[in-house]
Each structure stands twice: as structure tokens, then as C-alpha cells.
Amino acid sequence: MGKTNNIKIFFKYVIPSVLSFALSGVYAIADGFFVGNCIGDIGLSAINVAYPIVAMIQAIGTGIGMGGAVYYSINRAEKKEKNAREFTAGALWLLIIFSILLTLSIFFMNSALLRLLGMEGELLSLGEEYIAIIALGSALQVFGTGFAPFIRNYGGAFYAMISMIAGFAANIILDYLFVWVMDQGAAGAAWATVIGQGVTMIMALIYLLLKKQFTLKIPFSKIGKVSASIIKIGIAPFGLAMTPNISLIIINRFSISYGGEQAVAVYACIAYIICVIYLILQGVGDGSQPLLSQYYGEKDIDRMKNIRKLAYGFSLFLSLMGCIVMYAAKGNLGTLFGTSYEVNLEIGKIMPLFLISVPFVAINRITTASFYATEKSVYSYILTFIEPLFMMILMLILPPLFGGQIMIWWSTVFARILSAVLALILKQRADKWEIV
């Protein structure tokens, strides 16, 4: 009975989370689809190279929201209601502060940031056009992603999904109107993204107000300690949301050197699709978080481990299904984004290589989520940031020695396999000492 109940509760939380994260990934695909088909390879490459800035904005919201939500859930499980509300207030203040900082810094450093990502010439002009508008809507994106973890921890996983669907629908409709009908190109795609996130934010805010969970009341003496705790936990989910984009930056920088603009366009299409799978896997981990944190707070270690086991199984199943779908569609992905014949052909050749690493990403994501959900910050940091580090090292070594651009692709695969191996080692160590 207990096991059946665990499965039912698990899917009640995880399914809406998975769908929400999948839709957040399709936001990027929508922009790439409309701009790529309107402008061509150059437009697709511009959105792709600039997208890590968009992802960073959303990841900061996710990190702060998750950090506050984890401590909210743990304190509620420990019957510390006052402390739980203080973590809600602390997280909301951090969301406000970071919204202001991001808006100002990204808007005024737009060109410099894009140059750091490797943009120049026409690519840079399109990127500036896109990111200037994204910067103006930073607050909508930070709050839209930051509210979601709290809603899930308040038991509103289904509502969080509905708010994401509403934002996504708005984004698609506006992409069509702004990019295709009104011919606004990259700027139109940026406005569609910002307004879509605004719809999600407004719906999430309504939920918090109706549930009387929106509060900014926190003693001044506790602001520092609460904020530090939230950030301590939030670094890992922030990193998980950013890791594919940190990897994207590294791959784009090396690909520009070895394969040129065509290689960047090839990985743009692959990254758009495969990152949806990665976000789905993060959805499993973050959907499990309220339960993991609750049982951790209640000291019910056996039940917590059972939820973690379900998360591993479900994420591996989803990774397998995702690989099957992507392999079947590999010959048509480029045409979806309006790429040239040469780029589409290369995508079909390279895609199977990237699919090798997907199950390993599943292991890494669930292990990391289980660590930050249960205050194992150091382990979660290691697993979050080790993948791009492995990738950087391998790309510095393998391409010069064994074959240029093809080894850029293989380096990403090897890095993800090594990260999963490390995740299992840390999990075994934690279980041995009854940490998790």
C-alpha cells in the first residue's frame, strides 16, 4: 500500500513538472523555428549563440526559487511554519533585487556579452537586436521561473504547468504575428518570448496571492542568513539550468574555430531539440524535490530513497523514449528550422553520436537534484559544474590530436559519461554514510 501510494504521489508531482520544463525548452525552439525560417542559417545561429544569456536570466530565477522552496518545504516538514514563510519572503526579495540587476547589466553590456560569446559582423547585429529586448523583460522571466518551484511546493504542480502552457501559447501566437506576419525578425521573437514569460508570471502571482503565500515580511536581522541559505542551495539548480548553455558556449567557441558557421548552425538545431530532453530530465528531478525535501525534513529516509529510485527509473525511461524520437526524426530536424541542405545533412550524421550521452545525463540530473533537495550542497555543486569542465579539458586535448570538429562532438559525449560515473560514485559515498 505504501509503495503504491508513493508511486501515485510521485507522478502527481513529477508529470506536471516534466511537462512544464518541456515547454520551457520549446520556447527556444519556437524562436529558432520562426527566425530560422524567416532569415535562414544566419538568423538561427544568432538566436542560438545569444540564447545562453536568456537561459542565464531564467536560470537565476529557477535557482532562487528552488533555494527558497527547498528550505520552505524542509521547515514545514519540521513544523516550523514561521521559518518557512521567512524563506518565502527572502526568496521574493532576492528575485526583486536580481531582476533589477539583470535588467541594467544586460541592457548596457549587451554588445560586450555577445562578443564574449563569439559574435561579430551581421551575427552580432542580430544578437544585439534580440538581447536588448530580452534584457528589458528580465523581471518577467526571473519571476516567471522563480515562482514555479514555490507553487510546486505548495501542492500546485498542475497549476504551475497550466501557467507555463498559457505562456507558451502566447509565445507561439506572438512569434507567428511578430516574426512572420509583421516581419520583425529577431526583435519580434524576443518580444514574443518576453510577453510569453509575462503571462506565466502573472498567472503564478495570482496563485500565490489567492493562496496567501505572497509575503515580503522578514525580520531585518534574518535577511542575510536567509538569503545566504537560499543562494547556497540555489547555485546547483541554477547550474543545472545553465549547464547545457555553458556547454553550448564552449561548443560554439570551439566549433567556430574548427568547423565555422556551418558547424555552429548544425549544433544549433541539435541543441534546440536535445536540450528539451535535458529539461524534461530536470523536470523529473525538480518535480521530485518537494517530496525529497519533505521526507528529508521528516527524517523518513526510506521513503525519500524510494522517491529517488522512482526518479531514476522514470528519467531513464524518458531518456530512452527521447532518443528513439530524435533518432527517427534526425533526417528532418534541419528543415524544421529552415537550414540549408548541407547543414541538414550534417545534422542527420551527427545526431546519433549525441544520443549516446542522454541516459548518462539522466543519471547526473537526478543525483544532483536529490543532493540539493536534501541540503547536500557540496556534492550538488560538483556534479553541476563538472560537465563543462570535463568538456573544456577534452576539447583542448582531443581535437588537435585526433581530428578537429568530429572530436568537438565526441568531447561532449565523453564529458557527460564521465560526469555520470562521478555522480554514481558520490551517490554511493553518500549512501554509505547515510547522508542521503
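Is K212 buried or exposed? In this predicted model, K212 is exposed, because its relative accessible area is 68% and so lies over the 50% that the word requires. K212 is found in the loop between α8 (185-210) and α9, and its phi is near 55 degrees, a positive value in a residue other than glycine.

A second loop residue can be described in the same terms. The place of E375 is in the loop between α14 and α15 (377-402), where its phi is near 65 degrees, again a positive value in a residue other than glycine. With a relative accessibility of 31%, E375 counts as partly exposed.

**Confidence of the prediction**

Before reading further detail, it helps to ask how much confidence the predictor attaches to the chain. The mean pLDDT of the protein chain is 85, and 96% of its residues reach 70 or more. Within the protein chain, confidence is lowest in helix α12 (residues 333-336), where the mean is 73, and highest in helix α14 (residues 358-373), where the mean is 92. Where pLDDT is low, the predicted coordinates should not be read in detail.

**Salt bridges**

Side chains of opposite charge can pair when their charged atoms come close. How many salt bridges does the structure hold? It holds seven salt bridges, and three of the pairs are set out in the table, with the distance between the closest N and O atoms given for each.

| Pair | N to O distance |
|---|---|
| E81 and R76 | 3.5 Å |
| E86 and K222 | 3.2 Å |
| D431 and R308 | 3.0 Å |

In the pair of E81 and R76, each residue falls in the middle class of accessibility: E81 counts as partly exposed at 41% relative accessibility, and R76 counts as partly exposed at 38%.

The salt bridge between E86 and K222 reaches between two helices. Because E86 lies in helix α3 (residues 81-108) and K222 in helix α9 (residues 220-258), the pair ties together parts that are 136 residues apart in sequence. E86 counts as buried, with a relative accessibility of 5%, whereas K222 counts as partly exposed, with a relative accessibility of 31%.

The side chains of D431 and R308 also meet in a salt bridge. Here D431 lies in helix α16 (residues 405-432) and R308 in helix α11 (residues 301-329), so that this pair ties together parts that are 123 residues apart in sequence. D431 counts as buried at 19% relative accessibility, because the class takes in values under 20%, and R308 is buried with a relative accessible area of 6%. Elsewhere, salt bridges that share partners join E78, K80 and K299 into one network.

**Helices that pack together**

Two packed helices are described by the angle between their axes and the distance between the axes. What angle do α3 and helix α5 (residues 121-136) make where they pack? The angle is about 160 degrees, and the axes are 8 Å apart. That makes α3 roughly antiparallel to α5, because the angle is over 145 degrees. In this packing, α3 passes α5 in a left-handed crossing. The residues that meet are T103, I106 and F107 in α3, and I131, A132, A135 and L136 in α5.

Helix α10 (residues 260-297) and α16, the helix that holds D431, offer another packed pair. Their angle is about 20 degrees, and their axes are 12 Å apart. That makes α10 roughly parallel to α16, because the angle is under 35 degrees. The crossing in which α10 passes α16 is right-handed. On the side of α10 the contact is made by A263, V266, Y267 and Y278, and on the side of α16 by Q405, W409 and R416.

**A glycine after α5**

The last residue to consider is G137, whose place is in the loop between α5 and α6 (138-153). Is G137 buried or exposed? At 4% relative accessibility, G137 counts as buried. The C-alpha atoms of G137 and M304 are separated by 38 Å, and these two residues are 167 residues apart along the chain.

How values were computed. Residues are numbered from 1 along each chain as its sequence is written. This is a predicted model: local features need pLDDT of at least 70, side-chain atom pairs count only at pLDDT 80 or more; totals for chains, interfaces and linings use all residues. Side-chain values use heavy atoms; hydrogens and water are left out. pLDDT is the predictor's confidence in each residue, from 0 to 100. Helices (H or I, at least four residues) and strands (E, at least two) are DSSP runs, numbered from the N terminus. A salt bridge is a side-chain nitrogen of Lys or Arg within 4 Å of a carboxyl oxygen of Asp or Glu. Buried means under 20% relative accessible area, exposed over 50%, partly exposed in between (1.4 Å probe, protein chains only). Axes are lines fitted to C-alpha atoms, for helices over the stretch in contact, and angles run from 0 to 180 degrees between N-to-C directions. Angles under 35 degrees count as roughly parallel, over 145 as roughly antiparallel, 65 to 115 as roughly perpendicular and the rest as oblique. A crossing is left-handed if the near helix is turned anticlockwise from the far one by less than a right angle, and right-handed if clockwise. Contact means heavy atoms within 4.5 Å.
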